[in-house]
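I wanted a quick tour of this structure before doing anything else with it. These are my notes, in the order I looked things up.

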Amino acid sequence: MNNPNEKSFPVSWDQFHRDSRALAWRLAGLGSFDAIVAIARGGLVPAAIVARELNIRTVETVAVKSYDHQNQGGIKVLKEISPPLLELARGGAKILIVDDLVDTGSTARVVREMLPGAHFATVYAKPKGREMVDTFITEVSQDTWIFFPWDLDVAYVAPISGGTD
Ligand SMILES: O=P(O)(O)OC[C@H]1O[C@H](OP(=O)(O)OP(=O)(O)O)[C@H](O)[C@@H]1O
Ligand SMILES: Nc1nc2[nH]cnc2c(=O)[nH]1
Ligand SMILES: [Mg+2]
């Protein structure tokens, strides 16, 4: 469970693109990967950016749902990894798993079991889950909720003084 999330960490598109590129730079130093498995939905955007930067054309998805808004429920695998991708992995191909973040590590644990030899990468990591990730860019504290740009809109904010004008 993440609530109460005392702090919030809103991420803009620009920031997310920059952090995802930073992830791609770090992964580029680890040799080449044959395919990416994106954990939908959150992993789709960073996976697209990493695939573009590393020129990886084979991109597969696994859909895992763990949270309803900010509440963690049971893990549900809504779409499995396709048999051809699993076959590729069994044949020794280097597979990169990408997600937007690791929080408790539950999602990462479930997907790692599907692809034991794969490299697991996320853009952000919280302390409870960081051991489950091979490569990440930025650590945020456990009591922080990360707001991604696809969940945000530009909105009015009251002045610090509390007034309305
Ligand atoms: O480490 P954990 O505690 O498992 O949390 C991390 C997972 O939670 C979020 O997905 P979510 O279940 O909200 O689904 P979504 O990607 O479709 O938004 C996020 O995208 C990660 O996949
Ligand atoms: N958007 C978002 N989804 C999450 N799933 C688990 N933790 C988080 C978080 O901090 N932000
Ligand atoms: Mg997710």
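The entries below go through the sheet, the helices, the ligand shells and a few backbone oddities.

**Before starting.** I reminded myself that this is a predicted model.

**Entry 1: the sheet.** I began with the strands and how they line up. I found 6 of them in an open sheet with mixed pairing, and I read the order as β4-β3-β2-β5-β6-β7. Which strands stand at the edges? They are β4 (71-79) and β7 (135-139), and each has a single partner strand, so one side of each is left without a neighbour in the sheet. I also looked up the twist, which averages 20° from one strand to the next.

**Entry 2: pairs around β3.** Next I took β3 (59-68) and checked its partners. With β4 it runs antiparallel, and 5 bridges join the two. In that pairing I saw Lys65 opposite Lys76 in β4, and Val64 opposite Val77 in β4. With β2, the pairing of β3 is parallel, over 5 bridges. Here I noted Ala40 standing opposite Ala63 in β3.

I jotted down a general point too: side chains in a regular strand alternate between the two faces of the sheet.

**Entry 3: the helix on the sheet.** I then asked myself which strands α2 touches. My list reads β2 (35-40), β3, β5 and β6 (119-125), so that is where α2 packs on the sheet, and its direction makes about 160° with that of β2.

**Entry 4: two helices meeting.** I followed α2 (residues 44-54) to its contact with α1 (residues 13-28): the two axes come within 9 Å and cross at roughly 50°. That is why I call α1 and α2 oblique to each other. The crossing is right-handed. From α1, the residues involved are His17, Ser20, Arg21, Leu23, Ala24, Leu27 and Ala28, and they meet Pro46, Ile49, Val50, Glu53 and Leu54 in α2. Sorted by class, I get 8 nonpolar, 2 polar and 2 charged residues in this contact.

**Entry 5: ligand 1.** How many residues are around ligand 1? I have 17, and Gly42, Ser66, Asp103, Thr104 and Thr107 come nearest. Three elements each supply at least two residues of this shell: β3, β5 (95-102) and α4 (106-114). Of the elements, β5 gives the most, with 4 residues. By class, I noted 5 nonpolar, 7 polar and 5 charged residues around ligand 1.

**Entry 6: ligand 2.** Here I wrote down 7 surrounding residues, the closest being Tyr67, Asp103, Trp145, Ile146 and Phe148. The class split for ligand 2 is 5 nonpolar, 1 polar and 1 charged. I underlined Asp103, since I had it among the nearest residues for ligand 1 and have it again among the closest for ligand 2.

**Entry 7: backbone oddities.** I finished with the backbone. As a rule, most residues other than glycine have a negative phi, and most peptide bonds are trans. Where is there a cis peptide bond? I found one joining Ala40 and Arg41, with omega about 5°. Arg41 has its place in the loop between β2 and α2.

For phi, I flagged Asn55, which is not a glycine yet has a positive value of about 55°. Asn55 lies in the loop between α2 and β3. I also flagged His69, with a positive phi near 55° in the hairpin of β3 and β4, where 2 residues sit between the strands.

Methods
Residues numbered from 1 in each chain as written. Chains lettered and ligands numbered in written order. Predicted model: local features only at pLDDT ≥ 70, side-chain atom pairs only at ≥ 80, totals over all residues. Axes fitted to C-alpha atoms, helices over the stretch in contact; angles between N-to-C directions. Parallel < 35°, antiparallel > 145°, perpendicular 65-115°, else oblique. Left-handed = near helix turned anticlockwise from the far one by under 90°. Contact = placed C-beta atoms within 7 Å. Nonpolar A, V, L, I, M, F, W, Y, C, P; charged D, E, K, R; others polar. Near = placed C-beta within 6 Å. Pairing = 2+ DSSP bridges.
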